[in-house]
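The report below goes through a single protein chain, moving from its overall build to its packing and then to its charged side chains. Please keep the sequence and the structure in view while reading.

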Amino acid sequence: MVRVGAYFIDVVVLIIPLLLISFLFRSVTPAADEMEQAIVEIMDSILSLVVWWVYFAVLHSSKWQASIGKKAVGLKVVDENGNRISFGRATGRYFAEFLSALILGIGYMMVGWTKKKQGLHDMIAGTFVIKAENA
């Protein structure tokens, strides 16, 4: 449940910047017809995806080893040796979360019944979410 709380904090942190970016993007790209509107919607979704990806990948691979939410609840993301993960591994972990969600959230629920508390995305990326020592 702590990881869910951390994610909720991350959503709260990102909602205002995402809404602002979306508003600004839509302001500078007015659509004249339905086809253009569909393209704007797709591009806005891609822009949102990029913001989420960069937020999580940069912070999980940073000195913090955690998003703002994870930091707030005293968690961090590490590799199998307990070290900081690379941006590439953090990127893989982020996109592997789509698979965890795609299979009815079972990939996330695995955290509750695996010995090392790993979700499917953690297993794919070779990562672990652990308590931070200085939390």
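Helices, as the word is used here, are DSSP runs of H or I with at least four residues, numbered from the N terminus. By that reading F8 lies in helix α1, and because its relative accessibility is 57%, F8 counts as exposed. F8 and R26 are separated by 18 residues in sequence and by 26 Å in space, taken from C-alpha to C-alpha. The model is a predicted one, and every value given in this report is computed from it.

**Overall build**

The chain contains six helices and two strands, and from the N terminus on these elements follow the order α-α-α-β-α-α-α-β. Along its principal axes the C-alpha trace spans about 55 × 30 × 25 Å. Of the 135 residues in the chain, 39% are buried, and the chain exposes about 8300 Å², with carbon and sulfur atoms supplying 71% of that area. When contacts between residues at least 6 apart in sequence are considered, 56% of them join residues at least 24 apart.

**Nonpolar packing**

The largest nonpolar core is made up of eight residues, namely L14, L18, V51, W52, Y55, F56, L59 and Y94. Helices α1 (2–28) and α2 each supply at least two residues of this core, and the largest share, five residues, comes from α2. Within this group W52 deserves a separate look: leaving aside residues up to four places away in sequence, W52 touches Y7, V11, L14, L18 and Y94. A second core, separate from the one just described, has six residues, including A57, L75, I85 and V129.

**Two loop residues with positive phi**

Which residues other than glycine have a positive phi? One of them is Q65, with a phi of about 60 degrees, and another is L104, whose phi is near 60 degrees. The place of Q65 is in the loop between α2 (34–60) and α3 (68–73), while L104 is found in the loop between α4 (87–102) and α5 (106–113). Their exposure can be set against the cut-offs, under 20% relative accessible area for buried and over 50% for exposed. Q65 is buried, because its relative accessible area is 11%, whereas L104, at 75% relative accessibility, counts as exposed.

**Charged side chains**

The chain carries 13 positive and 11 negative side chains, and the centres of these two sets lie 18 Å apart. Side chains of opposite charge can pair when their charged atoms come close. A search of the whole structure finds seven salt bridges, and the table lists three pairs, among them two that involve D122.

| Salt bridge | Closest N to O distance |
|---|---|
| R3 and D122 | 2.7 Å |
| R93 and D122 | 2.8 Å |
| R89 and E80 | 3.1 Å |

How many residues apart in sequence are R3 and D122? The salt bridge between R3 and D122, at 2.7 Å from N to O, links distant parts of the chain, with R3 in helix α1 and D122 in helix α6 (residues 120–125), 119 residues apart. The two partners differ in exposure, for R3 is partly exposed, with a relative accessible area of 23%, whereas D122 is buried, with a relative accessible area of 0%.

D122 also forms a salt bridge with R93, and the closest N and O atoms of that pair are 2.8 Å apart. Because D122 lies in helix α6 and R93 in helix α4, this pair ties together parts that are 29 residues apart in sequence. Both D122 and R93 are buried. Taken with E97, the residues R3, R93 and D122 are linked in a network of salt bridges.

The remaining pair in the table joins R89 to E80, with the closest N and O atoms 3.1 Å apart. Here R89 counts as partly exposed, at 28% relative accessibility, and E80 likewise counts as partly exposed, at 48%.

Definitions and conventions
Residues numbered from 1 in each chain as written. Predicted model: local features only at pLDDT ≥ 70, side-chain atom pairs only at ≥ 80, totals over all residues. Heavy atoms only, no water. Buried < 20%, exposed > 50% of the residue type's maximum accessible area, 1.4 Å probe, protein only. Contact = heavy atoms within 4.5 Å. Areas by Shrake-Rupley, 256 points an atom, 1.4 Å probe, with all protein chains shown as cover. Lys, Arg positive; Asp, Glu negative; His and termini not counted. Charge placed at Lys NZ, Arg CZ, Asp CG, Glu CD. Core = buried A, V, L, I, M, F, W, Y, C linked by side-chain atoms within 4.5 Å. Salt bridge = Lys/Arg side-chain N within 4 Å of Asp/Glu carboxyl O.
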